[in-house]
Every structure is written in structure tokens, then in C-alpha cells.
Protein chains: 4
Amino acid sequence: MRRVLKAAILGSTGLVGIEYVRMLANHPYIKVAYLAGKGSVGKPYGEVVRWQTIGQIPKEVANMEIKPTDPKLMDDVDLVFSPLPAGAAGPVEEEFAKHGFKVISDSPDHRFEPDIPLLIPEINPHTITLIDEQRKKRDWKGFIVTTPLCAAQGVLLPLAPIYQNFKVDSVFITTMQAVSGEGYPGVASLDIIDNIKVLGENYDNKLIKEVHRVLSETKRNVNDSGNDVTLSATTHRVATIHGHYEIIYVTFKEDVNVEKVREAMDNFKGEPQNLKLPTAPSKPIILTNEDSRPQVYFDRWAGEIPGMSVVVGRLSQVNRRAIRFASLIHNTVRGAAGGGILATEFLVEKGYMD
Amino acid sequence: MRRVLKAAILGSTGLVGIEYVRMLANHPYIKVAYLAGKGSVGKPYGEVVRWQTIGQIPKEVANMEIKPTDPKLMDDVDLVFSPLPAGAAGPVEEEFAKHGFKVISDSPDHRFEPDIPLLIPEINPHTITLIDEQRKKRDWKGFIVTTPLCAAQGVLLPLAPIYQNFKVDSVFITTMQAVSGEGYPGVASLDIIDNIKVLGENYDNKLIKEVHRVLSETKRNVNDSGNDVTLSATTHRVATIHGHYEIIYVTFKEDVNVEKVREAMDNFKGEPQNLKLPTAPSKPIILTNEDSRPQVYFDRWAGEIPGMSVVVGRLSQVNRRAIRFASLIHNTVRGAAGGGILATEFLVEKGYMD
Amino acid sequence: MRRVLKAAILGSTGLVGIEYVRMLANHPYIKVAYLAGKGSVGKPYGEVVRWQTIGQIPKEVANMEIKPTDPKLMDDVDLVFSPLPAGAAGPVEEEFAKHGFKVISDSPDHRFEPDIPLLIPEINPHTITLIDEQRKKRDWKGFIVTTPLCAAQGVLLPLAPIYQNFKVDSVFITTMQAVSGEGYPGVASLDIIDNIKVLGENYDNKLIKEVHRVLSETKRNVNDSGNDVTLSATTHRVATIHGHYEIIYVTFKEDVNVEKVREAMDNFKGEPQNLKLPTAPSKPIILTNEDSRPQVYFDRWAGEIPGMSVVVGRLSQVNRRAIRFASLIHNTVRGAAGGGILATEFLVEKGYMD
Amino acid sequence: MRRVLKAAILGSTGLVGIEYVRMLANHPYIKVAYLAGKGSVGKPYGEVVRWQTIGQIPKEVANMEIKPTDPKLMDDVDLVFSPLPAGAAGPVEEEFAKHGFKVISDSPDHRFEPDIPLLIPEINPHTITLIDEQRKKRDWKGFIVTTPLCAAQGVLLPLAPIYQNFKVDSVFITTMQAVSGEGYPGVASLDIIDNIKVLGENYDNKLIKEVHRVLSETKRNVNDSGNDVTLSATTHRVATIHGHYEIIYVTFKEDVNVEKVREAMDNFKGEPQNLKLPTAPSKPIILTNEDSRPQVYFDRWAGEIPGMSVVVGRLSQVNRRAIRFASLIHNTVRGAAGGGILATEFLVEKGYMD
């Protein structure tokens with residue numbers, strides 16, 4: 001049996017924080033030991049948290065007191081999950097790493113530093129060796145590992161087996177993202193009732209840039225540099241609570257049979273599956289052939305580890321060199337907390353959490 | 001001054017019917033003379049209509065009695081607007097045409113008959129000569145002219161100037177359509193609260209097929225058959241009341257400068273503009289450069305003739321041979337009733353309504 | 001250990017049907033043996049059901065075939081759960097009862113027959129003796145027991161302890177009900193986006209009439225006939241999926257201290273609690289003192305048996321003879337399937353299911 | 001012809017600000033002369049405003065520059081409309097009044113000062129004489145007049161004719177208010193999708209307190225002090241954009257015939273109607289007998305001056321001493337900007353704006 005790891009959750013009352021709490025409640029070896037917060041320090045977690053997810057607040061956590069976000073108070077903590085918002089996350093995470101904490105971050109602030117992994121364990125597992133470089137260079141006892149933007153993961157998981165096995169030319173993405181992606185209070189109701197909120201160029205580019213980095217770190221079975229892949233995204237929020245839904249058109253440099261693509265997606269597995277990590281779904285991609293699926297309300301919690309698989313449907317041949325599919329990712333689970341936990345389990349297995 | 005044309009509106013209490021009533025209330029020469037309905041024959045229009053649009057029920061119409069859908073009762077009528085649902089429309093429209101009525105249809109039942117125009121007056125105006133062929137072949141005193149599916153018009157209006165002037169290779173469409181597109185009661189609330197309704201392959205193909213027909217009838221300034229253009233659509237309903245929003249990626253057979261595309265869209269005009277038809281907006285395409293527009297709530301009624309222009313935004317260069325834009329069309333106005341009225345005005349001008 | 005009861009679920013793919021399936025998946029002695037349906041007979045349940053609830057389709061049910069609603073095919077069945085719609089339910093339920101089946105109905109068709117119980121086991125348990133009368137009078141081997149309308153149960157559960165212990169004068173009810181209460185497709189999205197759907201006088205009165213019947217069967221600790229209690233309701237649907245929320249003003253014939261009312265609610269228990277029935281929550285009424293609760297999204301699944309408790313909040317003294325509170329009931333659980341299962345468990349205990 | 005009054009609008013880009021701009025665009029004698037703002041000073045109004053209302057931005061206003069909220073820059077201004085948020089409004093409005101400006105405020109900060117009118121011109125017109133007292137006491141050249149909270153006006157307008165003519169005992173109010181009532185960004189989408197937002201005790205009491213003040217200033221035709229009327233409110237936001245909908249139960253000290261109440265409401269008129277003020281609807285209360293009306297989407301813009309009448313329906317006798325009705329008010333029109341303009345017109349007529 002593994003040694004129990006004691007985890008602190010920063011921003012523990014936020015929309016990603018609650019998924020960490022929910023998913024760790026029955027984890028075999030990661031235990032919530034410290035709930036950090038800002039506005040409600042000193043209060044019992046169960047009294048102040050907005051439990052906008054499935055199930056109920058785990059009893060053992062409900063009475064825990066919310067504490068300050070201060071590394072000096074966390075003697076007993078092994079690792080730190082950080083779903084802090086952009087801007088706030090950066091300096092805090094660095095301070096924790098300096099103090100020797102292993103930081104698993106769902107925040108954007110360190111996603112483009114070359115010595116910090118941007119990790120989806122099924123796709124770019126080898127990038128965890130950047131941790132060694134990072135520690136050396138920064139003289140940190142701890143380290144930071146980041147996970148990509150929820151919407152980027154919704155593209156990357158189904159795209160990975162395609163990119164690995166086919167000569168991709170272009171990827172054209174249109175997103176319909178849930179409001180929980182902006183946190184609470186986040187999206188104004190006046191922007192979303194009887195409306196579609198356009199996220200704009202900055203968000204489009206952020207998504208693309210993250211997809212680009214992870215693809216560039218993906219090992220391929222085809223003889224193709226991949227440097228010239230065109231990526232474009234048009235991003236939106238619609239009136240859904242959880243679940244980012246994305247339509248993805250992929251064109252290729254040579255003829256591609258959509259059935260081969262389907263096969264590649266269906267067989268897609270990575271180290272988390274090989275290692276049977278506790279939070280790894282047996283299938284990272286669940287393929288549906290139903291004409292009207294995936295649907296956000298009905299499929300976002302799919303899979304034996306609810307919310308950890310991307311559901312892909314509407315896969316079809318557009319022409320000899322183009323295909324189309326829809327991808328649905330649970331943004332606060334696989335796209336954030338669940339992705340962070342899976343990354344941690346992988347790091348444990350690889351000896352980085354000792 | 002033009003002779004006043006007396007119009008009957010079939011399905012006059014439906015979501016398109018009310019837009020006909022609203023738009024014709026102040027029309028210079030088309031007058032609502034007959035309100036046809038089904039469930040509420042004999043009742044005053046104002047008592048039974050569900051006025052799900054802007055403004056208030058025109059006073060002169062509120063007290064008109066709803067009458068049966070029967071050509072024999074319409075002695076005094078010159079033309080018939082038919083926004084009847086699929087299946088129901090077909091035989092009714094034919095009966096009216098046989099009886100000598102000019103039928104302007106927003107219904108799908110006759111959209112693919114080679115002798116019946118599928119008309120957007122800015123795009124394929126010359127197809128109205130099919131009417132002559134139609135009358136001869138079918139031995140009808142009247143005729144049928146159809147308008148395309150709302151979502152197809154949302155693609156076609158911005159695509160026309162591109163197709164006319166550039167060598168288009170592929171068009172990849174993702175739609176987020178309003179619930180009014182399915183009529184009332186139409187989309188179930190349980191399909192649309194906290195959800196995205198996937199319309200599926202049949203709807204995708206229907207859209208594509210209509211776009212294909214109209215493009216094939218579009219005159220081009222480039223030396224290119226256009227027969228090989230790839231069209232693909234992925235269609236959805238989201239929780240908006242009116243306004244179909246569509247993200248369109250276009251790839252080309254040669255390098256294209258997005259500024260040239262912008263120019264072509266901005267200058268796009270057709271016969272309705274040249275003829276200054278009463279319901280023709282001076283700009284069929286309103287271009288916005290705002291990063292977060294068009295938005296459904298704020299832009300669906302844009303233009304000096306509210307809802308008759310398509311609002312295009314997010315236009316950008318994806319790579320040397322690809323661009324991307326967003327198109328917003330008011331589905332029950334330009335995409336249905338307004339399109340029907342504009343077609344009628346054009347037919348008047350061309351002598352087909354005498 | 002109890003003998004296992006084999007249950008048929010009529011309308012098994014409907015919104016109440018799925019809650020029966022979900023709640024019975026782990027039931028200690030009621031087992032789903034027959035899934036009846038209409039449109040999808042012959043197909044596997046998991047393929048056609050619209051699983052609009054929490055969790056996933058139980059594996060052992062997913063592959064069961066949907067069968068016709070025919071008592072002659074149900075040799076092996078002990079009891080029948082009937083959440084059929086109004087009108088359809090009446091004759092079907094009678095046929096089943098004639099054929100010897102015990103029918104537990106959530107349908108309105110038999111709610112006002114004097115020999116058929118309208119049962120909330122915590123409130124009017126003694127009315128189950130009507131079954132004996134019913135069988136005799138109708139010469140049925142089986143029987144019918146009904147449960148009240150979801151919205152009526154949302155009033156009755158919190159009102160019962162008040163009515164039992166205080167001299168109630170009037171009850172003024174305003175409801176904001178979820179769309180699932182009308183089944184699928186049910187409420188049109190065009191009635192509910194940016195709107196409140198007014199249910200109107202018939203629905204108002206239906207609710208009141210059911211509350212009235214159950215109150216008239218409620219045993220009281222006060223010397224007061226109760227015949228003259230004024231009941232009034234104003235009913236609506238709002239854009240929520242599950243959970244009926246109701247604001248209830250109660251006036252009294254004498255001074256009442258709200259703290260005594262709170263106490264009565266807090267101590268409220270009935271036979272299901274005394275008998276520790278498997279689906280009985282320890283507290284049928286969960287009281288909250290939080291100023292902004294109950295809220296539909298956050299509280300509809302409250303309680304150790306999710307959705308089986310009514311959550312009451314905003315309880316306050318209006319004046320010496322009036323109080324106010326909010327009640328939230330999960331309409332398809334306690335208000336339908338859960339209420340039916342609880343009724344069954346109670347009947348088992350009382351020997352009516354042998 | 002009246003002298004033209006030049007108006008400044010504070011918070012001109014806000015949700016009430018835009019209604020001022022819209023309604024004054026064609027006003028016979030009040031002209032928008034100064035658009036004050038905060039975040040967007042120096043920019044053209046049309047470029048930054050979020051036009052979340054009907055119609056389009058008036059052309060003559062679209063190019064006006066947004067200017068600072070500073071009385072010293074407003075030489076040319078006669079009166080100031082202030083829909084500033086709570087807290088911010090107080091000192092600003094006082095400064096303007098000191099500088100000699102007539103301030104019409106929709107803000108809460110001065111609603112309970114005994115020398116500042118809380119004015120609904122149909123109900124308590126005589127309270128404008130408080131202005132004289134106010135100026136004397138505070139030594140102001142200008143003055144402040146306030147209008148009540150939108151939700152309070154939705155109660156007060158239909159309640160006034162009842163209170164004037166019958167011996168009211170209690171008023172029990174349940175509200176379902178639109179999100180625009182909290183301004184932008186205001187209500188979080190995560191609080192309102194698939195949820196009802198409970199406003200809580202403070203809001204309940206605020207509403208009651210305002211209703212109480214205005215009722216206490218209402219002249220009655222009955223011999224009854226009215227001091228002992230019980231008022232209670234339970235307040236909520238639901239997923240509607242504009243339009244506060246309220247269910248109101250009224251009990252009386254003696255028997256009341258609902259038809260007499262209907263008559264009183266139907267005949268209700270005040271000074272604005274007698275004086276034929278430009279923004280006064282001929283009927284401040286529009287009564288509907290339709291069973292399913294008023295509905296927010298369909299009725300909020302009712303009346304010949306859209307949004308200036310309250311629509312009352314569902315009026316019915318509950319018992320001999322109780323009635324029930326539904327009231328719908330357009331919160332940003334009659335409940336704010338329109339109410340402010342009507343108050344101004346009344347003050348003009350009474351010589352206070354000279």
C-alpha cells in the first residue's frame with residue numbers, strides 16, 4: 001500500500017476546489033489535509049462552500065476549518081493543488097514551490113514556461129522530466145506542474161490519437177463552453193440569457209497556444225514535423241453550467257479514412273491506463289455513434305470515473321482529406337481538478353512525489 | 001404609385017406568420033387581406049396569437065378574424081405567403097398555385113424541384129425565370145417561389161460575395177440556432193436548459209444541400225467551376241429565442257487576403273439594393289470589427305430594416321488559404337418572413353405579380 | 001429478510017419512470033422485473049431512455065428489454081408502479097387492479113375516489129384501510145393506491161405538522177415549479193426562456209383540492225374542525241429542471257409563535273420514520289436557517305436519501321397570527337417515484353403486499 | 001409650448017441609463033444634454049453602451065461623448081437623472097442638489113429621509129411639497145426627489161386603488177424578479193441557470209419598508225388608519241431579463257367583493273392622467289382576464305407607452321375577506337427611468353422645474 005499523501009487545496013471553495021474535495025473524498029492515497037481560502041478563513045468549509053457539483057459535501061470535510069493560503073502554516077502537507085485564478089496564481093505557486101511544496105496547478109500563470117510541464121499524462125507524459133531541470137535552474141526544493149486550460153484539453157484528448165497517427169494539416173475549432181469555466185460569480189446572467197457570449201480573440205489565441213504546446217510535445221507515429229499544423233479556434237460561452245462542447249474540423253495532408261481515425265481514438269490509451277492509476281478512466285475517449293450525442297446535460301458525467309473521459313461523437317468523413325467530430329469535456333473535472341489528480345497520481349508512480 | 005397587392009398569410013399565428021403580420025403592417029403596397037389558420041378559425045387574430053416578437057400586434061389586424069386555409073375563400077387575394085411546416089406545406093401550396101395564386105413559400109417541401117426557384121434576391125435573382133418554365137410544365141396559372149432554410153440563408157448571404165470572387169475550396173460550418181426555428185411548441189425546455197440540442201445528420205445535410213443549390217446558381221467572377229466545393233455543417237440549438245449564429249471556416253484553392261474578403265462582403269449588393277426595394281436593407285451584410293460581436297441578443301435586430309441584414313464579425317485570416325467569420329441572421333425575419341417579402345417585392349418589380 | 005417483491009414500472013422511460021429505476025437499483029427487497037413502455041417496445045432500456053437524473057443507468061437495467069403495458073404478460077410481477085399521464089392512467093390502472101396487481105400510482109386519475117387512498121405515509125397512514133373497502137366494493141384482487149401531485153406534496157409535508165398542532169385559518173401558496181413536472185417534451189422552451197409560465201386556474205385548483213383531501217384525513221392535536229381552512233394557490237413554471245419551490249403564507253385563528261412552528265416541523269415524524277422504512281429519510285422536513293436557502297439547484301437532492309426530504313427555509317413570523325416559509329420538494333423523487341416507493345414499503349409493513 | 005429642459009443622465013450606460021436615453025429620444029420637452037459615466041469617459045456613447053433594451057441607440061445620442069459625473073461641468077443642464085447604485089448615489093446626489101440641480105433619483109440612498117419625496121405621481125403626488133421643506137432645511141438651491149424600488153412600485157400601483165377604497169388587513173407578496181434589477185454584471189449566471197436566487201431578508205424588508213412609506217402617504221376613501229396593515233414579502237430572482245412579476249394576496253378587515261376591487265383598479269387614475277403628462281399611460285393598471293396572463297415575455301412592454309403600465313391579472317376572490325392577483329412591472333421603465341421621467345413631468349407641471 002502506498003504512503004498517504006496529504007494535500008492542501010488552494011481556492012478550496014471555488015468551482016474547481018469543490019471538485020478536488022469531491023474526488024479526493026474516497027481517494028486511496030491522497031487525503032485532503034488543508035483547505036485554503038480567502039474570504040472565509042476560520043469558518044467551517046461546509047458552511048460557506050457553494051457546492052455546485054454532484055453529490056453532497058463529504059462529511060469529514062464539512063467541518064474542516066478554512067485556513068489561510070500560507071505555506072508556513074502547512075507543515076503537514078505534501079502537495080498543493082492550485083486552481084487559483086490567473087494573475088493571483090503565479091507568485092503564490094512560486095512561493096509554495098520555493099518552500100518545498102509540490103504544486104499541481106490548474107492556473108494559467110505558468111503554462112508557457114519551458115521548464116514547467118503542461119501535462120496531460122496520456123499525451124505528453126515524458127515532459128515530467130522538465131521537473132528536474134526546473135528544480136535545478138530555479139533552485140527549488142518543490143516544483144510546479146501545470147495542466148492545460150479546460151477547453152484546450154477538450155481538443156487535445158481527441159486530437160492526440162489523430163495527431164499521433166495521421167498527417168494533420170489544419171484544425172478548426174468552434175467552442176460552446178459552460179459558464180462554470182469563468183468561476184463564480186464569473187459570467188453575468190445578462191450575458192447569457194437569450195444570448196451567446198463571444199469570448200474573443202484573446203481567449204481564442206490562449207486556447208490555440210496551449211493546444212500548440214502540447215501537440216509539439218506529442219510523440220508521433222508519422223513522418224511529419226507537425227510544425228506547420230494550422231490551428232484556429234472561435235470560442236463562446238452558452239447557458240450551460242458544466243461541460244465544454246466543441247466542434248472540431250480536421251484536414252489532412254493526405255487521404256484519410258474516418259474509420260481509421262475512429263479506430264485510433266477508440267484504442268487511445270496512455271500511461272495512466274497502463275499504470276491503472278486510480279483516477280484514470282479505462283477509456284480517455286468514449287466514442288458514441290448516436291446521431292444526437294454527445295449532449296452536455298446527458299454526457300458530461302460519462303465514464304466509470306465520472307467526468308474523466310472526453311465523449312466524442314458526430315465523427316464523420318467530410319471529404320477525402322477532412323473529418324469532423326464533436327468533443328465534450330467536463331471542464332471542472334477532466335479539464336481541471338480531475339486532470340490535476342491524474343497528473344499527481346502519475347507523478348507518484350514516477351517517483352516525483354516522494 | 002404601385003397597385004396594392006392583397007396578401008393571405010397561411011399559418012398566420014405561427015412564429016413566421018407573426019413576422020409577416022408585423023412587417024406588412026406598414027408596407028407601401030402589400031396589404032394583409034386574409035389571415036389563415038388552423039386551430040383558431042373564427043376567432044379574432046389578436047385574441048389567439050402568441051406575439052413572440054417586438055412591438056405590439058397591429059391594431060388593424062388584431063380584430064381580423066382567422067379564416068380557413070382554403071383557396072376558394074380567397075377571391076380577393078393576390079398572393080399567398082406560406083410558412084407552413086414541412087409535409088403540410090407541399091400539397092397546400094400546389095393547390096393554391098393551381099388555383100392561380102402566387103405562392104411565396106418559406107417551407108421546405110418544394111425547395112429542390114428544378115423548376116421552382118429557391119430565391120435569395122441578392123444572390124440568385126435570375127432563377128425567377130424558372131417560374132415561366134414551372135407554369136408551362138405544370139399548367140398552373142399561379143406559381144410557387146421558395147426561400148431557403150433560415151440557417152442556410154445565414155451561411156449564404158456572407159458566403160455569396162466570397163464565392164463570387166474567390167476560389168473557395170471548403171466551407172466548414174458550426175451552428176448555434178435559436179429555438180424559434182422549430183416553431184411552437186417546438187424545442188422542449190428539457191432539451192435546452194443547461195444543454196445544447198444536437199440537430200443531427202439529417203439537419204446538417206438539409207442545410208448543406210440548400211447552400212449547395214443556391215451556390216450552384218450563383219454567378220461568379222472567378223474562373224472556377226465551383227462544383228467541387230466541400231460543404232460541411234454541424235448544427236445545434238442553444239437556449240436563445242431568435243437569431244441563428246454560425247461560425248464559418250472557409251478554405252481556398254489559392255492564397256487569399258482577408259482584407260479583400262472583407263471588402264467583398266462590405267461591398268456586397270444585389271438587385272434588391274439596386275432597385276431600392278422597400279424591405280431591402282442598404283447593406284445585406286453588416287460588418288462589425290468588435291471583438292465580442294455579433295451577439296445574438298444585441299445584434300439580431302440590427303440594420304435600418306430590423307432583422308433584414310446578416311451581421312458578420314470575427315472575420316480573420318486563419319492562414320494564407322483560410323479565413324474564419326461569425327454570421328448572425330434573424331431566423332424568422334431575413335431567414336423567413338422578411339426573405340419572403342423581399343422576394344415578393346423583387347417579383348413585383350420584375351412583373352411576375354401582375 | 002423480506003421476500004423480494006418483483007415490480008413492473010409503467011412508463012418506465014419517462015421522467016418519473018427513470019427515478020423508479022434509479023431508486024430501486026439498490027433496494028433491499030423491491031426489484032425491477034418488468035419495464036413497460038409504449039414507443040420503444042422491444043428495445044434495450046439503456047438505448048432509448050433519456051436519463052435526465054443523477055448517476056448513470058444501472059447496468060442490470062440497461063440491457064433489459066422494454067415490454068408492452070399488458071397485465072397478461074406480467075406473470076412474474078407482484079406490484080406495478082404507474083406514473084402514467086392523466087387520462088391514460090385511469091383505465092390501465094383499473095385493468096391491472098382487476099387482474100390482481102397491486103398498483104401504486106403517481107397519476108391523477110384516481111386521486112379523488114373515496115375508496116382509493118391518496119397517501120403520504122407520514123401524514124395520512126390510516127387511509128390505507130380504504131384498500132379493504134376498495135377491494136370489496138370493486139371486487140378486485142389487486143388494488144390501487146395513489147400519491148398526490150408533486151406540488152401538493154411540497155405543501156403538505158411542511159404543512160402537516162402545522163395543521164396538526166395549530167388552528168390554521170388560511171394558506172396562501174405561490175409556486176415556482178420545475179419543467180420536468182410536465183414530463184417530456186412537456187413545457188416548450190419558447191414558454192420558459194426569459195419568461196414565467198403561468199399554469200392557470202385549473203392547475204391552481206387541482207393543487208388545492210389535493211391538499212384539501214389530505215388535510216381532511218390528517219389527525220390533529222387541536223380542537224378545531226379544519227373544515228373552514230382557506231386554501232389558495234397561484235402556480236407557475238420557471239426555467240428549472242427539477243425541484244418545485246413554493247412560498248407559503250399561513251394565517252391562524254389565534255396567536256402563534258413561529259418558534260413553536262419551527263419545533264413542530266423539526267420534530268415531524270411519521271410511521272415511515274418509526275418503522276425505519278428503507279426509503280424513509282430520518283427527517284421528512286429539513287429545516288434551514290440560512291437566509292438565502294433553500295435554493296433549487298443546491299437543495300433539491302438534500303437528505304441522506306437524496307430528494308426524499310422537503311427542505312424548508314425562510315420561516316418567519318409575519319405578525320402574531322401569520323407565518324411565512326419556503327418549501328422545496330424534488331418533484332420526481334419525493335413528489336412521485338420516491339413517494340410511490342415509500343408508500344409501497346409502508347404497505348409491505350402493514351401486510352398489504354403479501 | 002414648454003421650454004426645453006436639458007437633462008444630464010448619471011450612470012448613462014447602465015441598464016436604467018439606457019432606458020432614460022431611449023425614452024427621452026422623442027420627448028417633447030426634455031432633451032438629453034449630458035451623458036455622465038465612469039469607466040468610459042471620453043468615448044462615444046454608442047461605442048461603449050450595452051443596449052439591452054428594445055429599438056436601437058438613437059442616432060443623435062450615439063455620437064455624444066461620455067463625460068465625468070461632475071456638477072461643475074454641467075453649466076448647461078437643468079435637471080439630473082440619477083440611477084446610480086446604492087452607496088454611490090448618496091453623496092453625489094447631495095452635491096448636485098447643493099450646486100442647484102434638480103435631482104430625480106432612482107437610487108435607494110435617500111428614500112427614507114422625511115423631507116425627500118418618494119414619489120409615484122399617481123399615488124402620493126402631494127408629497128412633492130416636501131421639496132420646499134427640504135430646500136429650506138438643507139439650504140439647497142436644487143433638490144432631490146426619489147422614486148421607489150422597482151419591485152415596490154410593482155406592488156404599489158395595483159395596491160393603491162385597493163388601499164384607497166378598502167380596509168386592508170394584510171398584504172402577502174411573493175416576487176419573481178428579473179436579473180436586470182441588479183444591474184450589470186449583477187446576477188451571476190451560476191445563480192440563475194436551473195435555479196431560483198433567493199434575495200433574503202434584507203431585500204424583503206427593503207421592499208416592505210418602501211411600500212409602507214408610500215401607503216402611509218396615500219389618501220384613502222375609507223375610515224381606517226391603515227397603520228396596522230401587515231406587509232410581508234418573499235423576494236427572488238428568476239431567469240428573466242426584464243419584468244418583475246409578483247403574486248399578491250390581500251386580506252381585508254371586512255368582506256370585500258373582488259368585482260369591486262377590479263372596478264377600483266380599472267378606474268384607477270391619478271394626476272399624471274388628469275394632466276395628460278406625455279409619459280403617463282392612460283391606464284396605469286392594465287387588467288387582463290386571460291387565465292395565463294400576465295406573462296413576463298409577452299406583457300412587460302404592454303400599453304401605449306410601452307412599459308409604463310403595470311399589467312394585473314389572475315385577480316380572484318380567495319374567500320370573503322381575501323383576494324389574490326398577479327402584477328407585472330417593467331422594472332427598468334415604470335420601475336425606474338420611466339418613473340423618473342413621469343415624476344419630472346409632474347414636477348414641471350407643478351412649477352418645481354422652473
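**Exercise 1. Which residues of chain A does the UniProt annotation "domain: Semialdehyde dehydrogenase NAD-binding" cover?**

Keep in mind as you work that this is a predicted model.

Step 1. Go to the record. The UniProt annotation, from an unreviewed entry, covers residues 6–131 of chain A.

Step 2. Now look at what that stretch is built from. Over residues 6–131 of chain A, the chain is 24% helix and 17% strand.

Step 3. Find the two ends of the stretch. Their C-alpha atoms sit 20 Å apart.

**Exercise 2. Work out how helix 6 of chain A and helix 8 of chain A are placed against each other.**

Step 1. Decide what to look for. Two packed helices are described by the angle between their axes and the distance between the axes.

Step 2. Get those two values. Helix 6 (residues 150–165) and helix 8 (residues 258–266) of chain A pack at about 120 degrees, and their axes are 9 Å apart.

Step 3. Put a word to the angle. Angles from 65 to 115 degrees count as roughly perpendicular and those over 145 as roughly antiparallel, so helix 6 and helix 8 of chain A are oblique to each other.

Step 4. Add the handedness: the crossing of helix 6 and helix 8 of chain A is right-handed.

Step 5. List who touches whom. Helix 6 of chain A brings Pro158(A), Pro161(A), Ile162(A) and Asn165(A), while helix 8 of chain A brings Val261(A), Ala264(A) and Met265(A). Sorted by character, the contact residues come to 6 nonpolar, 1 polar and no charged.

**Exercise 3. Describe the sheet of chain A that helix 6 lies across.**

Step 1. Trace the strand order. This is an open sheet of 6 strands, running 9-7-11-14-13-12, and its pairing is mixed.

Step 2. Find the edges. Strand 9 (230–234) and strand 12 (285–287) of chain A each pair on one side only. From one strand to the next, the twist averages 25 degrees.

Step 3. Zoom in on one edge. Strand 12 of chain A runs parallel to strand 13 (residues 310–319) of chain A, and 3 bridges join them. Ile285(A) stands opposite Val310(A) in strand 13 of chain A.

Step 4. Place the helix. Helix 6 of chain A lies across strands 7, 11, 12, 13 and 14 of chain A, at about 35 degrees to strand 11.

**Exercise 4. Hop over to chain C and sketch its sheet with the order 3-2-1-4-5-6.**

Step 1. Draw 6 strands in an open sheet with parallel pairing.

Step 2. Mark strand 3 (66–67) and strand 6 (143–146) of chain C as the edges.

Step 3. Join strand 1 (residues 5–9) to strand 2 (residues 30–36) of chain C with 5 bridges. Ala8(C) has Tyr34(C) as its bridge partner.

**Exercise 5. Hunt for unusual backbone geometry in chain B: which peptide bonds are cis, from Tyr184(B) to Pro185(B) and from Arg293(B) to Pro294(B) included?**

Step 1. Recall the usual picture. Most residues other than glycine have a negative phi, and most peptide bonds are trans.

Step 2. Check the two bonds. The one from Tyr184(B) to Pro185(B) is cis, with omega near 0 degrees. The one from Arg293(B) to Pro294(B) is also cis, with omega near 5 degrees.

Step 3. Locate the prolines. Pro185(B) is in the loop between strand 7 and strand 8 of chain B; Pro294(B) is in the loop between strand 12 and helix 10 of chain B.

Step 4. Look at phi. Asp194(B) isn't a glycine, yet its phi is positive, about 55 degrees. Asp194(B) lies in the loop between strand 7 and strand 8 of chain B.

Methods:
Residues are numbered from 1 along each chain as its sequence is written. Chains are lettered from A and ligands numbered from 1 in the order in which they are written. This is a predicted model: local features need pLDDT of at least 70, side-chain atom pairs count only at pLDDT 80 or more; totals for chains, interfaces and linings use all residues. Side-chain values use heavy atoms; hydrogens and water are left out. Axes are lines fitted to C-alpha atoms, for helices over the stretch in contact, and angles run from 0 to 180 degrees between N-to-C directions. Helices (H or I, at least four residues) and strands (E, at least two) are DSSP runs, numbered from the N terminus. Angles under 35 degrees count as roughly parallel, over 145 as roughly antiparallel, 65 to 115 as roughly perpendicular and the rest as oblique. A crossing is left-handed if the near helix is turned anticlockwise from the far one by less than a right angle, and right-handed if clockwise. Contact means heavy atoms within 4.5 Å. Ala, Val, Leu, Ile, Met, Phe, Trp, Tyr, Cys and Pro count as nonpolar, Asp, Glu, Lys and Arg as charged, and the others, Gly among them, as polar. UniProt positions are given in the numbering used here, feature names are shortened, and annotations may be inferred rather than shown by experiment. Two strands pair if DSSP finds at least two bridges between them.
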